Amino acid sequence: MTEHELFHTYNKDVYRTCLYMLKNSQDAEDVCHDVFVTVFRQDWSSVTNLKAWIMRITMNHCLNVIRKNKTKHEKQGQLQWLHDQASRAVSPVDSIVVNKLSYDELERQLLQLPEKLLSVVTLRYIGDLSIKEIAETLRIPQNTVRSRLYKALKLIRKKLERQEQYIMRGENRFGIY
């Protein structure tokens, strides 16, 4: 496989993972570029599980960017919360009920997960990696991957159920979840 073929084979997966983790197309493009620069500088032809290896490099690059921009993301989260509160104040009840389980809400719940859980969920559902590939990518046991997936999904489910209860009782006006 040539470098050109390698790039075209894995470019979409790497970019999609970067975009999902970083929530910024420019950062995703930059990290995607950095990932392939890193891959091409190393002896990638001798790697046995190429996709898992590339995705591990991708996750490491993404986590480094997230750590550097943590305060920036916190401020964006606060602004998004204020925007959501303002839009809920003007939205009719029907649209609130329809939108409560929307993609944006699920995405917001995912972003509230700790980095360890978020990385496993992202690799599983966005990167479409198997449990074994995730374990190789993150260098953790397969049972740890399963445990983190279970814990992440349980946390999201619990938060959505709690939010639904608050909405049904009309207690969401203060943003309590």
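The exercises below, each with a worked solution, concern a predicted model.

**Exercise 1. Helix H3 and its surroundings**

Determine how far helix H3 reaches from its first C-alpha to its last, and how many of its residues are buried.

Solution. Begin with the extent of the helix: H3 covers residues 50-68, which makes 19 residues, and its end-to-end C-alpha distance is 27 Å, close to the 27 Å expected at 1.5 Å a residue. Next, turn to burial, where 14 of the 19 residues of H3 are found to be buried, so the helix is largely enclosed by the rest of the structure.

**Exercise 2. The nonpolar core**

Identify the residues with the most contacts inside the largest nonpolar core, and find which element gives the largest share of this core.

Solution. The largest nonpolar core has 41 residues, and those with the most contacts inside it are Val14, Met21, Val39, Ile54, Leu113 and Val145. Assigning the core to elements, one finds that two or more residues come from each of H1, helix H2 (25-41), H3, H7, H8 and helix H9 (142-169). The largest share, ten residues, is that of H3. To look at one member of the core in detail, take Val39: once its neighbours within four places in sequence are left aside, Val39 is in contact with Leu6, Trp44, Trp53, Ile54 and Ile57.

**Exercise 3. Salt bridges**

Work out how many salt bridges the model contains, and which residues are joined into one network by bridges that share partners.

Solution. The count comes to three salt bridges, and they can be taken in turn.

- Asp13 and Arg16 meet through their side chains at 3.4 Å, N to O. Both residues lie in helix H1 (residues 3-22), three residues apart, which is about one turn of the helix. Asp13 counts as buried at 16% relative accessibility, whereas Arg16, at 40%, counts as partly exposed.
- Asp13 also forms a salt bridge with Lys51, at 3.7 Å, N to O. Because Asp13 lies in helix H1 and Lys51 in helix H3, this pair ties together parts that are 38 residues apart in sequence.
- Glu115 pairs with Arg67, the closest N and O atoms being 3.8 Å apart. Glu115 belongs to helix H7 (residues 115-126) and Arg67 to helix H3, so that this pair links distant parts of the chain, 48 residues apart. Glu115 is partly exposed, at 28% relative accessibility, and Arg67 is likewise partly exposed, with a relative accessible area of 48%.

Finally, comparing partners shows that Asp13, Arg16 and Lys51 are joined into one network.

**Exercise 4. Cysteines**

Find how many disulfides the structure holds, and how far the sulfur of Cys18 is from the nearest cysteine sulfur.

Solution. The structure holds zero disulfides. For Cys18, the nearest cysteine sulfur is that of Cys62, 3.7 Å away, while the cut-off for a disulfide is 2.5 Å; Cys18 is therefore in no disulfide. Cys18 is also buried, with a relative accessible area of 0%. For Cys32, the closest cysteine sulfur is in Cys18, and the separation of 5.6 Å is too far for a bond. Cys32 counts as buried too, at 6% relative accessibility.

**Exercise 5. The place of Glu133**

Locate Glu133 in the fold, and list what Glu133 touches beyond residues up to four places away in sequence.

Solution. Glu133 is placed in helix H8 (residues 131-138). Leaving out residues up to four places away in sequence, Glu133 touches Asn49, Ala52 and Asp128. Of these partners, Asn49 is 84 residues from Glu133 along the chain, and the C-alpha atoms of the two are separated by 8.3 Å.

Definitions and conventions:
Residues numbered from 1 in each chain as written. Predicted model: local features only at pLDDT ≥ 70, side-chain atom pairs only at ≥ 80, totals over all residues. Heavy atoms only, no water. Expected span 1.5 Å × (residues − 1). Buried < 20%, exposed > 50% of the residue type's maximum accessible area, 1.4 Å probe, protein only. Contact = heavy atoms within 4.5 Å. Salt bridge = Lys/Arg side-chain N within 4 Å of Asp/Glu carboxyl O. Core = buried A, V, L, I, M, F, W, Y, C linked by side-chain atoms within 4.5 Å.
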